[in-house]
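Subject: Structure handover

Hello,

Here is the structure you asked about. Please open it alongside this note; my findings follow below.

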2 protein chains.
Amino acid sequence: MKSKKAIVLLSGGLDSATALCLAKSKGYRCQTLIFDYGQRHKTEISRAVKVARACGCKYQILKINLPWKGSALLDKKIKVPAKIKAGIPVTYVPARNIIFLSFALSLAETIKAQAVFIGAHAQDYSGYPDCRPGFFRAFAKMAQVGLAIKPGIKIIAPLLNKNKAQIIKLGLKLGVPFHLTWSCYQGGKIPCGVCDSCRWRAKGFKEAGISDPLIR
Amino acid sequence: MKSKKAIVLLSGGLDSATALCLAKSKGYRCQTLIFDYGQRHKTEISRAVKVARACGCKYQILKINLPWKGSALLDKKIKVPAKIKAGIPVTYVPARNIIFLSFALSLAETIKAQAVFIGAHAQDYSGYPDCRPGFFRAFAKMAQVGLAIKPGIKIIAPLLNKNKAQIIKLGLKLGVPFHLTWSCYQGGKIPCGVCDSCRWRAKGFKEAGISDPLIR
């Protein structure tokens, strides 16, 4: 039987690392895509590379220009808030997942991969429109008609209905190298512990009943 | 009344120049996006800039890396054929329009534009899957659910049902600066006259009953 191939979007965080290990466990030979899109710090890129290497997967770092900013993740003039607010977060980057998935489709079609994995999850706190189940369904339909490859490329967001604790428990079973992942919005030597992303990670590990190997 | 804003994808060719003039004629204030994606020659980029300037529109040149090649337009080892063949052309770039439109959505959402214009047309000769009406419909649906902006951004491909001659006739009425546009796949000083793109342009001008200002 010919092995299946997948492109996995890798951010350096624990969700995408879990999606990668899950794809591998389903028998996919994985090639990872890491985006350098002007994020506030490069830690997540170097962590993504470490995760890819630890999982024995090829990686490609793709530089993307988004010169129009419009998000706290790209624009240092906008402050990342310490407190979680309702609605669309200031860390929302317009069309980010749409752009990332589009490049993934291009690579997938070029290397004849069958699937693209993305580690998005629809936690309540998150107002990101491009993380919602309806978005992924619509994107998958668009990919079906917009590419030449047949029978088409699947868009798989296997963590979409899981919360952080469930993702961590699953990752633990799959052997995800959590110690290499990075969630903090800041680029310090250790996680800041106060940003949205640090808090949700801490809450996840606490609920999963295990300790975060990043925190000593 | 507040003026409407649109992003127009500009390639340097006559179709996108016509789409730009059409968007302007519909009352849109237009901002153009020009992609530098590793195409075989830079003539089309400089022509796109000239068209934007001639139309009095802002332009942004966006550099895009597609390091995986996979198309005669990006890979100089693959020859662009002089003869038109059935099926997917070797000049097809996997997911190119998907990527271009994704960036356009990001800019459109950032500047609160109401629409994205693209000069694609579904001529029979073209097997590009990302130029088909079904693709644009699916992309527009995806954009509806994948962005934060409400009521959403329209994807307008106003030339989709027109052939080259019809586009040229329309462009003539709209005052499209055809003399600044470039269609040839080669980057010579004058159009090669034998590639697909030159032939279809020549056929279009002939059928429209006017002479191409590029050809003397």
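In what order do the five strands of chain B form their sheet? The order is 3-2-1-4-5, the sheet is open, and the pairing is parallel. Keep in mind that this is a predicted model.

Start with the edges. Strand 3 and strand 5 (154–156) of chain B each have a single partner strand, so one side of each has no neighbour in the sheet. From one strand to the next, the twist averages 25°.

Now the pairing at one edge. Strand 2 (residues 28–36) and strand 3 (residues 58–63) of chain B run parallel and are joined by six bridges. Look for B:T32: its opposite residue in strand 3 of chain B is B:Y59. Helix 2 (residues 43–54) of chain B completes a right-handed β-α-β unit with strand 2 and strand 3 of chain B.

Two other helices lie across strands of the sheet. Helix 1 (residues 14–25) of chain B lies across strand 1 (4–10), strand 2 and strand 4 (115–117) of chain B. Helix 1 runs at about 175° to strand 1 of chain B. Helix 3 (residues 96–111) of chain B lies across strand 1, strand 2, strand 3, strand 4 and strand 5 of chain B. Its angle to strand 1 of chain B is about 155°.

Last, the two chains. A turn of 180° with a shift of 0.0 Å along the axis lays chain A on chain B, with an RMSD of 0.0 Å. The two copies are therefore related as by a two-fold rotation axis. Both copies use the same surface: 100% of the contact residues of chain A recur in chain B.

Best wishes

Note on methods. Residues are numbered from 1 along each chain as its sequence is written. Chains are lettered from A and ligands numbered from 1 in the order in which they are written. This is a predicted model: local features need pLDDT of at least 70, side-chain atom pairs count only at pLDDT 80 or more; totals for chains, interfaces and linings use all residues. Two strands pair if DSSP finds at least two bridges between them. Helices (H or I, at least four residues) and strands (E, at least two) are DSSP runs, numbered from the N terminus. A crossover is right-handed if, with the strands pointing away from the viewer, the path from the first strand over the helix to the second runs clockwise. Copies are superposed by least squares on the C-alpha atoms of residues with pLDDT of at least 70 in both. Two residues are in contact if their C-beta atoms, placed from the backbone, lie within 7 Å. Axes are lines fitted to C-alpha atoms, for helices over the stretch in contact, and angles run from 0 to 180 degrees between N-to-C directions.
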